[in-house]
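Look at the model below from one end of the chain to the other. The paragraphs that follow go from the overall fold to single residues.

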Amino acid sequence: MNETRHVVAIVDDDPRLLESMGDLLESAGYVARSFSSAGSLLVNGLSDLDVLITDIGMPGIDGFELRDLVRKSRPELPVFLITGRHEIADQGRAQGAGGFFRKPFDAQALLAAIAHALHKSRDGG
């Protein structure tokens, strides 16, 4: 069995969240790549990613801007937005997102959403 593990990138300026999300994703069988800023993700490149999870409220390029940049070069890449700021969560921009989670989020719900997005993209729709 030589099954390729899916690569999930996490972008958040909170090192504790990066660590806990990395642990969660690795325990679920994914390869987790952590980035402390959108800029560091963009420098690393998007070509080998299967899913992107990004915080919305970050200095520099925020999660909305990162999602929009990613959609230009990799429109098929599933992007999940996360935030702990409830005023952002209630904005239309967040509600219209394909995947949106408010911190603290249900880990199993996030894993299910990732699995669903990967299944959808693998099946071409």
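Helices and strands here are runs assigned by DSSP, numbered from the N terminus; a helix run has at least four residues and a strand run at least two. With these labels, D12 can be placed: it sits in the loop between β1 (7-11) and α1 (15-27). The model is a predicted one.

Before returning to D12, consider the whole protein. It contains six helices and five strands. Read from the N terminus, these elements follow the order β-α-β-α-β-α-β-α-α-β-α. Of the 125 residues in the protein, 43% are buried. The protein exposes about 6700 Å², and 51% of this area comes from carbon and sulfur atoms. Among contacts between residues at least 6 apart in sequence, 61% link residues at least 24 apart.

How are the strands arranged in the sheet? Five strands form an open sheet with parallel pairing, in the order β2-β1-β3-β4-β5. At its edges are β2 (31-35) and β5 (99-102), each of which pairs on one side only. On average, neighbouring strands of the sheet are turned by 20 degrees against each other, with direction ignored. One pair can be followed in detail: β3 (residues 51-55) and β4 (residues 79-83) run parallel and are joined by four bridges. In this pair, T54 stands opposite L81 of β4. The helix α1 packs on the sheet, where it touches β1, β2, β3 and β4. The direction of α1 makes about 165 degrees with that of β1.

Now return to the loop that joins β1 to α1, where D12 is found. Is D12 buried or exposed? D12 has 0% relative accessibility, so it counts as buried. A polar atom of the D12 side chain lies 2.8 Å from the backbone nitrogen of D14. Beyond its neighbours within four places in sequence, D12 is in contact with L17, L18, F35, S36, D55, M58, I82 and K103.

The other end of α1 leads to a second loop, between α1 and β2, and Y30 lies there. Residues under 20% relative accessible area are called buried. Y30 has a relative accessible area of 9% and is therefore buried. Leaving out neighbours within four places in sequence, Y30 has contacts with R5, H6, V8, L25, L111, I114, A115 and L118. Y30 and D50 are 20 residues apart along the chain, and their C-alpha atoms are separated by 9.8 Å.

How values were computed: Residues are numbered from 1 along each chain as its sequence is written. This is a predicted model: local features need pLDDT of at least 70, side-chain atom pairs count only at pLDDT 80 or more; totals for chains, interfaces and linings use all residues. Side-chain values use heavy atoms; hydrogens and water are left out. Buried means under 20% relative accessible area, exposed over 50%, partly exposed in between (1.4 Å probe, protein chains only). A polar contact is a pair of N or O atoms within 3.5 Å; within protein, one must be able to donate a hydrogen and the other to accept it, and residues adjacent in sequence count only if both atoms are side-chain atoms. Contact means heavy atoms within 4.5 Å. Accessible areas come from the Shrake-Rupley method with a 1.4 Å probe; for residues, only the protein chains shown count as cover. Two strands pair if DSSP finds at least two bridges between them. Axes are lines fitted to C-alpha atoms, for helices over the stretch in contact, and angles run from 0 to 180 degrees between N-to-C directions.
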